[in-house]
Amino acid sequence: MRSPAAITSPRRIPEFFPVCELSPISRRNAVKAALAFAASPFLRYVPTYAADHAEVSEIAPGVFVHQGRYEMQSPENRGDMANACFVVGNESVAVIDTLGSAVAGSELRNAIRTVTSKPIRYVINTHMHPDHVFGNAAFKEDNPIYVGHLKLARGLASRAERYLAINKQMLGDNAFQGIEIILPTLAVNGTETLDLGGRSLVLETQPTAHTDNDMTITDTATDTLFLGDLLFSVHVPTLDGSIKGWLALLDDLSRKQAARVVPGHGPKAMELPGALEPEQRYLAAIVSDVRRLIKEGKTLEDATRVAGFSERDAWKLFDQYHVRNVTAAFAELEWE
Ligand SMILES: [Zn+2]
């Protein structure tokens, strides 16, 4: 396993601030910690909340990230397998992705409520996948504006029945409780700016890559770029859009400037362009192997046995997703 190009590591926290084990950190302490370490680009505190609060870290002033597990959904993890974030402005809060169940979503909401009582005005989904949108229902009581790529609604609605059936089976009845398909009430086409009071989020829809409805978000106050599942680290990338489109977009993103990026799966914060490189290498290995095999007249079945297997030791969940990725890539590349 290659170590990810993380710029934050929980191990370095005790040097800055004692981690409060098992007891909830008080708001006053959280504010004090935030003020004390406002100049540090690293994590300033890592509160460990009670079980019904998602654990979150403040990676930049007012920017909080919960790191999901590198697992498939299960009754035990309650669909808590992707990163979920929130940004606190002077007037309101925006949530970026809501985890993979209403139960996990409400744990995220509880974590937000431990940090701030400001209204949750926006719930943004980076794309349609269940591990990023199935917690949306936990925020219904806040009556937020749900925000997503223009193509998210069509993509999610057409897959809803299948997504619900698979997740009911994998999560089990308890963790599945309360899940609802909630589509965006604000569909973004191009660029949209959301004002949280004293800070803005700039949303940009992206061309087909991981899916056909990926959207990136920049918090302009801290220059933090949320990439959703356009960036996987540690967790093997999953392809549900276009492998050629994804590689082209990563090329563009690698030339961007940002103080930090937040992946959809991986550490809480990383640096450009190094953060993108393992994923670029993985996708490029599939493309070059599949193109060669197609040229040699090999079948899809042949490809699923060999293409991209040089990457096997570099990723978690490789065996769960890689063959599907090769299958999708083969279907795209055989028509070149
Ligand atoms: Zn995804």
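The following dialogue goes through a predicted model and asks how its descriptive terms are justified.

Student: What should I know before reading the values?

Tutor: Residues are numbered from 1 along each chain as its sequence is written, and side-chain values use heavy atoms, with hydrogens and water left out. Since this is a predicted model, local features need pLDDT of at least 70 and side-chain atom pairs count only at pLDDT 80 or more, while totals for chains, interfaces and linings use all residues.

Student: What makes H127, H129, H210 and D229 the protein donors of the zinc ion?

Tutor: Donors are N, O and S atoms within 2.8 Å of the metal (3.2 Å for Na, K and Ca), and water is not among the atoms, so sites may look incomplete. The atoms here are NE2 of H127, ND1 of H129, NE2 of H210 and OD of D229, and they lie 2.1 to 2.2 Å from the zinc ion, so they meet the cut-off of 2.8 Å.

Student: Why is the site of the zinc ion called irregular?

Tutor: Four donors count as tetrahedral if all angles lie between 85 and 135 degrees; four count as square planar and six as octahedral if opposite donors are over 155 degrees apart and all others between 65 and 115; anything else is irregular. The angles among the 4 donor atoms run from 85 to 169 degrees, and the site is classed as irregular.

Student: How do you know that H129 and D229 are buried?

Tutor: Buried means under 20% relative accessible area, exposed over 50%, and partly exposed in between, with a 1.4 Å probe and protein chains only. H129 has a relative accessible area of 10% and D229 one of 2%, so both are called buried.

Student: What makes β8 and β12 the edge strands of the open sheet with the order β8-β9-β10-β11-β12?

Tutor: Strands are DSSP runs of E with at least two residues, numbered from the N terminus, and two strands pair if DSSP finds at least two bridges between them. In this sheet of 5 strands with mixed pairing, β8 (191-195) and β12 (260-265) each pair on one side only.

Student: How do you know that β10 and β11 pair?

Tutor: The antiparallel strands β10 (residues 215-219) and β11 (residues 224-232) are joined by 3 bridges, against the required at least two. Within them, D219 stands opposite T224.

Note on methods. Helix = DSSP H or I, 4+ residues; strand = E, 2+ residues; numbered from the N terminus.
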